Amino acid sequence: MTIARYVICCGTAAGFATLAAMTVSARRAGKHPLQPVNATSHWLHGEKAAAVRRADLAHTAPALITHFASCAFWALPFARWLVSRPPRTPLHMLGEASLLSAFAAAFDYGVVPKRLTPGWELALPGRAVAAIFAAMALGLAAGGLAAQDKYPL
């Protein structure tokens, strides 16, 4: 099992799971589905990026690139952890992914400068941001299970 395989599987699954959670959370909050996505480009455009309600090259493209790069960034330590241990059951994988996702949330919103946060809080309430990190855990776990050679019971 290679780290690259885990990073690709976990990062991609986490990226799509969190995008889905963003769009659903936006709808529930009465926002346009692209607002939290575009908000990720706030490092480039400032807080006004969260108000953009359409797909465009200026906001959506850098937001998606940043988002998937961030998911790959968090998938790397998860991958290093996974390759150093035997295959996991789905429950163990989800537990470990949840720990990493909680750490990522604490780091992203407690350590990094505000300009480098995911920016979701600019478009969504706190409970929605928490739901996005929960989706990240589900994506990391799904990717980790997909990357394993076998699925222990």
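**A chain of six helices**

Read along the sequence, this chain has the pattern α-α-α-α-α-α. There are six helices and zero strands, where helices (H or I, at least four residues) and strands (E, at least two) are DSSP runs numbered from the N terminus. The model is predicted, so local features need pLDDT of at least 70 and side-chain atom pairs count only at pLDDT 80 or more, while totals for chains, interfaces and linings use all residues. Residues are numbered from 1 along each chain as its sequence is written, and side-chain values use heavy atoms, with hydrogens and water left out.

The radius of gyration of the chain is 15 Å, close to the 15 Å that the globule rule gives for 153 residues, so the chain is as compact as a globular protein of that length. This radius is taken over C-alpha atoms, and the rule is 2.2 Å times the number of residues to the power 0.38. Of the 153 residues, 44% are buried, meaning under 20% relative accessible area with a 1.4 Å probe, protein chains only.

Now take one pair of helices. Helix α1 (residues 3-28) packs against helix α6 (residues 126-147) at an angle of about 150°, with the axes 7 Å apart. Axes are lines fitted to C-alpha atoms over the stretch in contact, and angles run from 0 to 180 degrees between N-to-C directions. The two helices are therefore roughly antiparallel, the word for angles over 145 degrees. Residues in this contact (heavy atoms within 4.5 Å) include C9, A13 and A17 of α1 and A131, A135 and G139 of α6.

Conventions: Angles under 35 degrees count as roughly parallel, over 145 as roughly antiparallel, 65 to 115 as roughly perpendicular and the rest as oblique. Buried means under 20% relative accessible area, exposed over 50%, partly exposed in between (1.4 Å probe, protein chains only).
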